[in-house]
Every structure is written in structure tokens, then in C-alpha cells.
Amino acid sequence: MARILMKGNEAIGEAAIRAGGIYYFAYPITPQSEVGEYLSRRLPEVGGVFVQAESEVAVGNMLFGAAASGKRVFTSSSSPGISLMQEAISYMAGAQLPVVLINIMRGGPGLGGILPAQSDYFQSTRGGGHGDYRVLVLAPATVQEAVDLTMLAFHLAEKYRNPVLIAGDGMIGQMMEPVEFPDQFEEPPLPPKDWATVGARDRAPLITKSLFLDPVALEKNSIILHEKYLKMKADEIRFEPYKVSPKNRAIIVSYGTMARICQTVIDELEANGTSIGLLRPISLFPFPERAIHDAAVAPNIELVLTVEMSMGQMVEDVEKAVLGKKPVHFYGRTGGIVPSPEEVRDCLLKLLDGGKAK
Amino acid sequence: MSEVTAQATTITFSRPESFSDAVTHYCPGCTHGIIHRLVAEAIDELGIRGRTVGIAPVGCSVLIYNYFRTDFLESPHGRAPALATGLKRVSPELIIFTYQGDGDLASIGMSEIVHAANRGEKFTTIFVNNAIYGMTGGQMAPTTMPGQVTATSPYGRNVEEAGWPIRMCELLSSLRTPAYIERVAVHTPQNIVRAKRAIKTAFQNQVDGLCFSLIEVLSTCPTNWGLTPCEATQWVQTNMSPYYPLGVFKKPEPRLEV
Ligand SMILES: Cc1ncc(C[n+]2csc(CCOP(=O)(O)OP(=O)(O)O)c2C)c(N)n1
Ligand code: SF4
């Protein structure tokens with residue numbers, strides 16, 4: 001298929017359809033409303049469903065009901081909306097239902113603002129709702145990657161029967177870039193959906209629930225979930241190294257569109273003779289701890305700099321990965337302010353040489 | 001003697017096929033059990049067991065899925081209408097019902113039921129109004145009667161502070177979207193017969209693809225009302241039914257052109 005110029009939000013909507021995600025429930029919120037606007041036109045054309053719910057609380061629970069059918073269901077929202085869905089996400093994780101959630105993050109806490117941020121990292125990667133659970137979190141850096149990861153998310157959700165979250169920052173939703181959609185979404189075979197609630201016709205009734213009043217049964221459910229998360233940690237870690245080499249004096253860890261700004265910094269410094277590498281986590285849970293650790297402990301590395309559009313959230317995971325073997329620093333802006341390449345460069349040089357460029 | 005036995009084997013009354021043989025956990029005299037049975041009979045009579053999915057609430061009937069032989073989803077407190085909406089929209093061939101208490105439907109889940117009804121979602125809601133939160137130990141509900149003593153209204157419900165009890169049938173029947181809304185009770189045999197007819201009609205509407213249907217059933221909670229089972233049925237008659245009049249509030253209308 002030809003490359004076409006598309007806005008991130010619309011490309012995500014189209015990608016979902018291409019992956020068979022034609023059942024969509026949502027409530028408008030900036031900066032992602034174009035996903036719903038696009039889908040309200042497209043879904044009737046492909047025999048899909050779009051219900052504009054009365055609230056994100058309802059959206060989360062409509063997804064719960066719809067996901068139980070075994071069909072590919074999803075939503076898109078932004079930070080405050082995702083907060084309201086946490087109830088249902090906890091229940092869906094408990095009941096092991098597949099669902100795709102797209103969070104085009106804006107600044108918080110509270111109503112915050114409508115400009116890009118990455119300050120939902122804790123909420124995304126720590127569970128967010130109540131109980132012992134995790135969701136798989138994927139963070140795209142380009143519109144093309146948003147397309148690819150959205151499609152992959154539907155597969156992973158079903159593979160693990162677990163919610164999968166796309167953590168995009170507001171820039172991804174709003175920017176226009178050329179994208180290509182595969183003619184066909186190729187995915188490995190998935191197990192039969194014997195868990196789908198389709199009526200007890202000729203089998204024993206099926207109960208989809210997260211309620212286990214017997215503590216032994218509840219603990220057992222949590223252990224089953226935990227084993228699933230361990231399997232994700234073994235099989236679903238994704239990251240991209242950029243200019244990582246033995247010559248690197250420092251490693252930047254950054255994700256989403258922030259990582260692209262860091263690439264600009266790295267290119268510029270390279271031209272001036274300072275070698276910096278970037279490790280960009282694509283899966284935020286599971287987190288690429290080993291890759292970051294290995295890059296950080298290389299002999300020439302003086303420090304690790306984590307750059308985020310937040311007051312510092314992923315930096316805790318980076319510190320955990322580096323295990324105190326190298327100093328880990330943080331630079332970030334938030335509230336909708338995107339750090340400029342100059343800011344990041346100056347911060348890095350100050351850390352490396354006390355401000356003197358090499 | 002043997003002749004009598006032979007005659008007695010003609011079965012005139014048996015457990016509905018849609019009902020499991022589990023022993024329910026409800027307190028003695030609680031009418032949740034009667035309402036369950038009416039739902040199971042309606043499902044049987046319409047022959048829809050194999051394509052019916054129930055949505056369980058949070059409340060005393062949280063374990064309803066143990067008593068039915070249909071598929072079931074267990075929902076968060078109050079959200080059953082949202083789950084039902086999601087499932088019905090992606091699987092319109094299924095027959096879906098929610099079974100909800102008054103705390104579940106009229107308090108935490110008020111938004112979900114109003115909007116599902118207003119969208120005309122084609123599922124069936126059985127709304128069990130026992131004027132109290134049963135499961136959590138008898139706290140005040142939005143349906144608790146004025147002056148009624150509960151664990152959180154120890155001086156009786158004060159309408160100045162807590163407002164008057166919410167009448168869901170009246171509230172929902174103010175919506176224009178076509179729907180079938182009826183209030184029934186199960187404290188006497190005649191009322192049980194009427195309740196059965198209403199519940200079956202509510203499912204029939206769904207089979208016919210007609211409209212959203214809600215049946216409110218006045219129910220008892222002898223345990224938390226602090227009454228014997230017999231006194232509890234009396235209490236429904238004397239205290240609840242004057243404020244919650246029985247009857248049909250809304251019938252399916254022809255689709256209005258706009
Ligand atoms: C979010 C949330 N809040 C509160 C509860 C606790 N809770 C369980 S049942 C219930 C009240 C149920 O009352 P009702 O719906 O009237 O049903 P009944 O038990 O009377 O049949 C409450 C408040 C909960 N489980 N979840
Ligand atoms: S507490 Fe009340 S509503 Fe609950 S089972 Fe007992 S009598 Fe029924």
C-alpha cells in the first residue's frame with residue numbers, strides 16, 4: 001500500500017480497523033478526539049460498532065462486556081479519561097479479558113492541560129487500578145510506529161487475555177506523518193476462544209468474573225495472573241537502541257516522541273565529536289531492564305540520563321535497571337512543555353563536562 | 001396405595017431448566033429467590049437459555065451466576081448496564097439481562113442505567129428494590145423509606161438531608177426513547193403471577209428486538225429490616241407499595257420519526 005500523510009490519531013483509528021478492531025467505545029477528550037471522529041465515519045463502512053458512552057466509567061465497562069464476547073474491542077482516551085477507566089481495567093485484568101486501550105497522554109494531575117505529556121507512566125505501568133495486576137504498555141515514537149503497535153496490541157491482548165495500553169504522548173496524536181498500512185495484518189495463530197461468552201448452547205455455563213470469595217481461590221487467581229506477567233517479561237520486551245556503541249560517553253533513556261528529540265541531540269553532539277547512545281523503551285511494561293543495564297555498565301559510560309515529559313517517573317525504573325553501577329540523572333519538563341533539543345543538550349554537557357563542549 | 005403413587009408421578013411443577021440445583025445463600029424469607037425463579041421460568045418458556053447471558057450485580061445477588069444455567073458476567077458495582085450495552089452491541093443475537101439491587105442501580109449505577117435506557121439498549125433489566133443495602137449490612141439506600149431506620153440512618157431517613165426515595169420507574173419513564181417499564185411485587189401469590197407476566201414480557205420484547213425493558217420488583221430484606229419474613233411481606237404492602245405504586249409506566253411505542 002502507498003504511503004499516505006495522516007494525523008496520528010486518525011492513523012491509530014485506521015490501524016485498529018486493519019487489525020480487526022472494529023468495536024469501539026469512547027468518550028471525547030482532547031488531544032485524541034480525532035480517533036473517535038475518524039472512526040464514527042469509518043466503522044459503519046466496515047460493519048463495526050461505535051458507541052459514544054456517557055462517561056469513561058461507562059466506556060471501561062462497555063469494553064468489559066464487549067470483550068467477553070471474544071471480539072476485538074478497544075477505546076481511545078486521554079489521561080483523565082483513562083483514570084476513570086481504571087475500575088474496569090482492574091476487573092478486566094482480574095477476569096482475564098483482552099482489550100486495547102489507547103492513551104494519548106496530556107499534562108496532569110487533575111484536569112491539568114491539553115498539551116502533550118508523559119506523566120501517566122506510573123499509572124500505566126503500575127496497574128493503575130486496585131489489585132495485583134499489570135497491563136502490557138507500548139509507547140510509540142512515530143505515527144508509523146503508532147500504527148504498527150496498535151495492530152500488535154490487538155494480537156498481544158488476545159495472546160495474553162489481558163488489557164494492552166498504548167501510551168502515546170499528545171504529540172503522536174496531533175502530528176502528521178507519512179504512514180504505510182500493511183495490506184494484511186499477519187499474526188501468529190491464537191488459541192481458540194473457549195472463554196468467550198456466547199451463550200451456553202451446548203456446553204456448561206461460563207462465568208466471567210473477578211470475584212473469588214474464597215481467599216485460597218483469590219490468591220490462586222493472582223498467582224495465575226502473576227505467572228502471565230512473568231511470561232510477558234520473558235517474551236515481550238521491546239526497545240530500540242540508537243547509536244549505542246563502545247565509544248558512548250553517556251546513555252540517554254527516553255521514550256515516545258521525547259526520544260526523537262533526544263536523537264536530534266545525539267546527532268548534533270556526534271557531529272561535534274561527543275558520542276552518546278540512546279535506549280528507547282518501546283514496551284514500558286515489561287521494561288527493558290537488561291538492555292539498559294548492559295548499555296550503562298559499558299566501560300566508557302560516565303552516566304545515564306533519563307529524559308521524560310514528566311517530573312521523573314520512568315527514571316525510577318532506569319535506576320532499578322542500572323543497579324547503582326553508574327550515576328543516573330533526570331531531565332524533564334511537564335505540563336505540556338516539550339523539552340527542546342538545546343535544553344537536553346545543555347543538560348547533558350553540563351553533566352559530562354561541567355558545561356564545556358568537547 | 002400404588003394407584004395413588006402412580007397418579008402422583010404426573011409432574012406439574014418442577015425446577016426450571018435454566019435454574020441450577022445449587023442451594024441459594026439468601027436469608028430465610030428473602031424474595032430474591034422468588035425473583036430468580038421467575039426469571040428462570042421466563043427464559044425457559046421463551047426457549048432462550050442457550051443464548052442468554054446474565055450480568056450479575058454487586059449486592060446480595062452477586063452470586064446469582066451460581067443459580068442459573070446460562071452464561072454470566074460479574075460486573076463492577078452499578079455498571080451492569082454498561083457491560084450489557086457493550087456485549088449486546090457486539091453480539092446482538094444474544095439475550096442479555098442485568099439483575100440489580102437498588103443500591104447498585106439507583107445509587108452508584110444511576111448514570112449507567114439512565115443512559116442505557118435512554119439509548120434504548122435492547123436488553124432487559126430486573127431491578128430488585130428492597131429499600132436497603134442488603135449485602136453490606138443494611139445501610140441507607142436511595143430507595144430507603146422516609147423515617148426508615150437503617151445502619152446509617154439510625155434516627156430514620158431524614159428527607160431534609162437525604163432527599164426522598166428515588167422512584168426509578170417514574171424517573172426512567174420520563175425518557176422518550178421507547179421502552180417497557182413496569183413495577184411489580186412478589187409479596188403475595190397474585191403479585192407473583194403478575195410479576196412473572198411482566199418479566200416474561202420484558203424478555204419477549206428483547207427476543208422481538210423491540211426495546212429496552214426494566215421491571216422493578218419490590219422485594220424484602222427481613223434480615224436488615226429487622227422483621228420476620230411474614231412481617232416483611234406486610235411491610236412491602238403497607239410501607240412500600242403506597243410510595244412505589246405498582247403498574248405499567250411505559251409501553252413500547254412505535255418508533256417515532258424525527
Ligand atoms: C465500588 C464499590 N463500592 C462499594 C461496594 C460495597 N457494596 C457491596 S454491595 C453494596 C450495596 C448493595 O445493595 P443493593 O444494590 O441494594 O443490593 P442488595 O444487597 O440489597 O440486594 C455495596 C455498597 C463495592 N463492592 N464496590
Ligand atoms: S440481607 Fe436482605 S437482601 Fe440480602 S439475602 Fe438477606 S434478606 Fe435478602
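How are helix 3 of chain A and helix 4 of chain A oriented to each other, roughly parallel or roughly antiparallel? The structure examined here is a predicted model, in which local features need pLDDT of at least 70 and side-chain atom pairs count only at pLDDT 80 or more, while totals for chains, interfaces and linings use all residues. Residues are numbered from 1 along each chain as its sequence is written, chains are lettered from A and ligands numbered from 1 in the order in which they are written, and side-chain values use heavy atoms, with hydrogens and water left out. Helices (H or I, at least four residues) and strands (E, at least two) are DSSP runs, numbered from the N terminus.

Two packed helices are described by the angle between their axes and the distance between the axes. For helix 3 (residues 56-67) and helix 4 (residues 79-95) of chain A, the axes come within 7 Å and cross at roughly 25 degrees, where axes are lines fitted to C-alpha atoms, for helices over the stretch in contact, and angles run from 0 to 180 degrees between N-to-C directions. Helix 3 of chain A and helix 4 of chain A are therefore roughly parallel to each other (angles under 35 degrees count as roughly parallel, over 145 as roughly antiparallel, 65 to 115 as roughly perpendicular and the rest as oblique). The crossing of helix 3 of chain A past helix 4 of chain A is right-handed, a crossing being left-handed if the near helix is turned anticlockwise from the far one by less than a right angle, and right-handed if clockwise. Among the residues that make the contact (heavy atoms within 4.5 Å) are Val57(A), Gly60(A) and Phe64(A) of helix 3 of chain A and Leu84(A), Ala88(A) and Tyr91(A) of helix 4 of chain A.

A second helix pair in chain A consists of helix 1 (residues 8-18) and helix 6 (residues 143-160), whose axes come within 8 Å and cross at roughly 30 degrees. That angle makes helix 1 of chain A roughly parallel to helix 6 of chain A, and the crossing of helix 1 and helix 6 of chain A is right-handed. Residues of helix 1 of chain A including Ala11(A), Ile12(A) and Ala15(A) meet residues of helix 6 of chain A including Ala146(A), Val147(A) and Thr150(A).

Chain A also holds an open sheet of seven strands with mixed pairing, in the order 3-2-4-5-7-6-13; two strands pair if DSSP finds at least two bridges between them. Strand 3 and strand 13 (283-285) of chain A are the edge strands, each pairing on one side only, and the twist from one strand to the next averages 20 degrees.

At one edge, strand 3 of chain A runs parallel to strand 2 (residues 23-26) of chain A and is joined to strand 2 by four bridges, with Gln52(A) as the bridge partner of Ala26(A). Together with helix 2 (residues 33-42) of chain A, strands 2 and 3 of chain A make a right-handed β-α-β unit; a crossover is right-handed if, with the strands pointing away from the viewer, the path from the first strand over the helix to the second runs clockwise. The side chains of strand 3 (residues 49-52) of chain A alternate, so that Val49(A) and Val51(A) point to one face and are buried, whereas Phe50(A) and Gln52(A) point to the other and are not (buried means under 20% relative accessible area, exposed over 50%, partly exposed in between, with a 1.4 Å probe and protein chains only). In strand 2 of chain A, by contrast, both faces are covered, since Tyr23(A) and Phe25(A) on one side and Tyr24(A) and Ala26(A) on the other are all buried.Strand 2 of chain A also pairs in the parallel sense with strand 4 (residues 73-77) of chain A over two bridges, and Tyr24(A) stands opposite Phe74(A) in strand 4 of chain A.

Most residues other than glycine have a negative phi, and most peptide bonds are trans. A cis peptide bond, with omega about 0 degrees, joins Phe285(A) and Pro286(A), and Pro286(A) is placed in the loop between strand 13 and helix 10 (289-296) of chain A. Lys243(A), although not a glycine, has a positive phi of about 55 degrees and is partly exposed, with a relative accessible area of 33%.
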